[in-house]
Amino acid sequence: MAHIVSSIEFVQNFKKHIHNGDSVLKSMDKLCCSKKTDSFNQSIHCWWLYYKHGKGHRALMQTDYEKTLVQIIKKGAEGAPIYEHLELLESEMLKEFDRKWRAYLETMPFKLMIPLLFFFFPSYIILLFGPLFMQFLTEVPL
């Protein structure tokens with residue numbers, strides 16, 4: 001889920017720069033100069049460098065949301081209004097993050113039962129039957 005969070009953060013920062021009056025080109029230059037090293041920021045930075053130099057390089061984006069973001073940025077660089085599209089994309093990304101987070105939280109009880117079954121349950125069996133076994137060994141003549 002980390003790739004979702006970094007892409008949402010990027011969209012929010014991009015919207016903030018656009019809202020403050022920066023152009024798409026200036027906003028992208030500022031955001032690509034940041035020192036973030038996650039895979040999304042590296043791929044968007046690589047894509048932006050190729051795009052600025054007029055090369056048709058396709059960056060490998062992981063999700064459809066990231067691919068849509070690249071298309072929106074392209075349209076904005078060409079002069080089209082993109083603020084409403086960014087707001088819509090951000091709301092969809094937040095909904096998707098919330099859905100994935102809830103699904104992850106719903107699976108946590110089952111994942112937490114694995115140590116319980118493999119470690120705690122055998123120790124309880126030993127605690128229950130250990131004294132009976134010891135008593136059995138002391139009463140059985142060898």
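**Notes on how the helices pack**

1. Let's start with helix 2 and helix 3: L25, M28, D29 and C32 in helix 2 meet I44, H45, W47, W48 and K52 in helix 3. Sorted by type, the residues of this contact come out as six nonpolar, one polar and two charged. Keep in mind as you read that this is a predicted model.

2. How are these two helices set against each other? Two packed helices are described by the angle between their axes and the distance between the axes. For helix 2 and helix 3, the angle is about 135° and the axes are 10 Å apart. That makes helix 2 oblique to helix 3, since angles over 145 would be needed for roughly antiparallel. The crossing of this pair is left-handed.

3. Now look at helix 2 against helix 4. Here the axes come within 8 Å and cross at roughly 130°, so helix 2 is oblique to helix 4 as well. On the helix 2 side you'll find V24, L25 and M28, and they meet I73, G76 and A77 in helix 4. The residues of this contact divide into five nonpolar, one polar and no charged. Try finding M28 in the viewer: M28 belongs to the contact with helix 3 and also to the contact with helix 4.

4. Next up is the pair made by helix 3 (residues 39-52) and helix 4 (residues 64-77), which pack at an angle of about 30° with their axes 12 Å apart. Helix 3 and helix 4 are therefore roughly parallel to each other, because the cut-off for that label is an angle under 35 degrees. Helix 3 passes helix 4 in a right-handed crossing.

5. Which residues make the contact of helix 3 with helix 4? From helix 3 come F40, I44, W47, W48 and Y51, while helix 4 brings E66, L69, V70, I73, K74 and A77. By type, that gives nine nonpolar, no polar and two charged residues.

6. V70 is a handy residue to zoom in on, and its place is in helix 4. Is V70 buried or exposed? V70 has a relative accessible area of 9%, and buried means under 20%, so V70 is buried. Setting aside neighbours within four places in sequence, V70 is in contact with I44, W47 and M61. Take I44 as an example: V70 and I44 are 26 residues apart in sequence, yet their C-alpha atoms are 7.9 Å apart in space.

7. Time to step back to the core. The largest nonpolar core has 22 residues, and those with the most contacts inside it are F10, F14, M28, I44, L69 and I73. Which elements give two or more residues to this core? They are helix 1 (2-19), helix 2 (24-32), helix 3, helix 4 and helix 5 (83-139). Helix 1 gives the most, with five residues.

8. You've already met some of those names at the helix contacts. I44 is part of the contact of helix 3 with helix 4, as are L69 and I73. I73 also turns up where helix 2 meets helix 4, and I44 where helix 2 meets helix 3.

9. F10 sits in helix 1 and counts as buried, at 4% relative accessibility. Not counting residues up to four places away in sequence, F10 touches M28, L31, F40, N41, I44, L69 and I73. Of these partners, M28, I44, L69 and I73 are named, along with F10, among the core residues with the most contacts. For a contrast in distance, pick M108: the C-alpha atoms of F10 and M108 are separated by 28 Å, with the two residues 98 apart along the chain.

10. Finally, check S7, also found in helix 1. At 2% relative accessibility, S7 counts as buried. Leaving aside neighbours within four places in sequence, which residues is S7 in contact with? The partners of S7 are F40, E66 and M93. Two of them, F40 and E66, should look familiar: F40 from helix 3 and E66 from helix 4 are part of the contact of those two helices.

How values were computed: Residues numbered from 1 in each chain as written. Predicted model: local features only at pLDDT ≥ 70, side-chain atom pairs only at ≥ 80, totals over all residues. Heavy atoms only, no water. Axes fitted to C-alpha atoms, helices over the stretch in contact; angles between N-to-C directions. Helix = DSSP H or I, 4+ residues; strand = E, 2+ residues; numbered from the N terminus. Parallel < 35°, antiparallel > 145°, perpendicular 65-115°, else oblique. Left-handed = near helix turned anticlockwise from the far one by under 90°. Contact = heavy atoms within 4.5 Å. Nonpolar A, V, L, I, M, F, W, Y, C, P; charged D, E, K, R; others polar. Core = buried A, V, L, I, M, F, W, Y, C linked by side-chain atoms within 4.5 Å. Buried < 20%, exposed > 50% of the residue type's maximum accessible area, 1.4 Å probe, protein only.
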